[in-house]
Amino acid sequence: MNNVNEIDTSPEFIEDQRSWLIEHKLSTGLSWSKLEQPVGRAGPTLSAFCSGTYGGSRYENGNPKVALEIYRYRQTLVAQAQLRIEAPDIPPYFETRTSRELMNLLTWAQRGRLAVCAGGPGIGKTMTLQEYADQASNVTIITCRPSLKTVTGLCMAVLAALGHDRNQGSSERLSRRVMTEIRNSQGLLIFDDAQHLPVELIEEIRGWYDQTGIGVALVGNSDVVARMNGGSRAAHFAQLYSRVGMKIIRPLPLEQDVEDLAAAWDVTDDAVLSLLKDIAGKPGGLRSCTFALEVATLIARSRGEELGRNHLAQAWSQLSSRPVAA
């Protein structure tokens, strides 16, 4: 890309940006207001610039600055288009040993059971949950956030995920409405990032499970099991944990998971696979492997080379700020 500070904002340059933006707006169907943020100028300013009336002139009184901002936007679009050409296609969901086990757990839970999956970051939990929801019917995923603190908030989150808006009333009324929606539905409620749920909310979920026959899967990091299995809060979870019929505890991806990821990326080089296994053992797991492979592929393509261990080592060094021997 060119440094805009070195560009001569001649009338020809300004007119070129004006003509391009007019054509760009027509071809994309974007309104002036939609172009405000990417260009960095208010919609009325862009409209006036393209009509030649901005500042009462076609080429002076601020027109050069607007033209430069449009040119920056053009360069950004070109760079992004080029990156899309060079960037690798990241494989969509692909099956790993861990994902197969998690899919089995979810299938079992949907029979009206309570299941728990506690896994470290980057073992493929969230992607597998979404794949299961895409394959099975009557599956609802609720992503738990630290801000989810009250029964009312939990009920509203579940009802919204079930497709119901305008949820008002007391926590008791909302909880009854949730139970009405899920009772005998042969459905599955999946609570992702369940480690954020406080005791009161987990107890509410246990009540729904007991009274409606709904399947429930609590999925999160190792805290999900640690809080139920020991420590000062264990007593609070005794009733819930006694109902857990199936659980998966997986702090790190399995070696087979990394091999499955490599196969999805068409990686056949043993040296690359060896480094991928090393990366997968660090925080981030398979997610870190995916990021590293994406950058490594860009590096290799920019040099006209086949992906090799040196490319992956360089990519991981950039991502982790920790050098890795090539």
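Modeller: Welcome! Let us start with one term: two residues are in contact when they have heavy atoms within 4.5 Å of each other. Keep in mind that the model above is a predicted one.

Colleague: Thanks! Let me try that term on Val219. Which residues is Val219 in contact with, leaving aside its neighbours within four places in sequence?

Modeller: The list includes Cys117, Lys125, Leu129 and Ile190. Also on it are Phe191, Asp192, Asp193, Ala194, Gln195 and Val224. Val219 itself is found in strand E4, which covers residues 215-220.

Colleague: How do I decide on a label here: is Val219 buried or exposed?

Modeller: Look at the relative accessible area: under 20% is called buried, and over 50% is called exposed. Val219 counts as buried because its relative accessibility is 0%.

Colleague: And how do I read a distance between two residues? How far apart are the C-alpha atoms of Val219 and Lys247?

Modeller: Keep two numbers side by side, one along the chain and one in space. Val219 and Lys247 are 28 residues apart along the chain, and their C-alpha atoms are separated by 9.6 Å.

Colleague: Could we practise on another residue? Where is Leu276, and which residues does Leu276 touch beyond its neighbours within four places in sequence?

Modeller: Leu276 has its place in helix H13. Beyond those neighbours, Leu276 is in contact with Val258, Leu261, Ala262, Cys289, Leu293 and Leu312. For Val258, the C-alpha to C-alpha distance from Leu276 is 7.0 Å, with their positions 18 residues apart in sequence. Leu276 is counted as buried because its relative accessibility is 0%.

Colleague: Let me look at the whole chain. What percentage of the 326 residues is buried?

Modeller: Buried residues come to 43% of the chain. The chain has 15 helices and five strands. Its accessible surface is about 16,900 Å², and 48% of that belongs to carbon and sulfur atoms. As for contacts between residues at least 6 apart in sequence, 67% of them join residues at least 24 apart.

Colleague: What about loops? Where is Pro283?

Modeller: Pro283 sits in the loop between H13 and H14. Pro283 is labelled exposed because its relative accessibility is 73%. The C-alpha atoms of Pro283 and Leu252 are 8.5 Å apart, although 31 residues separate the two along the chain.

Colleague: I have also heard about backbone angles. What is phi in Asn184?

Modeller: Here the sign is what to read. Asn184 has a positive phi of about 55 degrees, although Asn184 is not a glycine. Asn184 lies in the loop between helix H8 (171-182) and strand E3 (188-192). With a relative accessible area of 67%, Asn184 is exposed.

Colleague: And what is phi in Asp266?

Modeller: In Asp266, phi is near 60 degrees, again a positive value in a residue other than glycine. Asp266 is in the loop between helix H12 (255-264) and helix H13 (270-280), and Asp266 is exposed, with a relative accessible area of 66%.

Colleague: Now cysteines. How many disulfides does the structure hold?

Modeller: The general idea is that a disulfide is a covalent bond between the sulfur atoms of two cysteines. This structure holds zero disulfides. Two cysteines to look at are Cys50, which is buried with a relative accessible area of 10%, and Cys144, which counts as buried at 1%.

Colleague: Last topic: pockets. What is the volume of the largest pocket?

Modeller: The largest pocket has a volume of about 490 Å³. It is lined by 26 residues, and the closest to its centre are Gly122, Gly124, Lys125, Met127 and Arg287. Helix H6 (125-135) and helix H14 (285-302) each supply at least two lining residues. Sorted by class, that lining has eleven nonpolar, eleven polar and four charged residues.

Colleague: How much space lies in the second largest pocket?

Modeller: About 320 Å³. Among its 16 lining residues, Trp265, Asp266, Thr297, Glu306 and Leu307 are the closest to the centre. H14 gives the most to this lining, with three residues. By class, the lining of the second largest pocket has eight nonpolar, two polar and six charged residues.

Colleague: I recognise Asp266, the residue with the positive phi!

Modeller: Well spotted! Try finding Asp266 in the loop between H12 and H13.

Conventions. Residues are numbered from 1 along each chain as its sequence is written. This is a predicted model: local features need pLDDT of at least 70, side-chain atom pairs count only at pLDDT 80 or more; totals for chains, interfaces and linings use all residues. Side-chain values use heavy atoms; hydrogens and water are left out. On a 1 Å grid over the protein atoms alone, a cavity is a set of points where a 1.4 Å probe fits but cannot get out, and a pocket is an open set with protein on both sides within 12 Å along at least five of seven lines; lining residues have an atom within 4 Å of a point. Grid points are joined across faces, edges and corners, and a volume is the space filled by probe spheres set on the points. Ala, Val, Leu, Ile, Met, Phe, Trp, Tyr, Cys and Pro count as nonpolar, Asp, Glu, Lys and Arg as charged, and the others, Gly among them, as polar. Buried means under 20% relative accessible area, exposed over 50%, partly exposed in between (1.4 Å probe, protein chains only). Accessible areas come from the Shrake-Rupley method with a 1.4 Å probe; for residues, only the protein chains shown count as cover. A disulfide is a pair of cysteine sulfur atoms within 2.5 Å.
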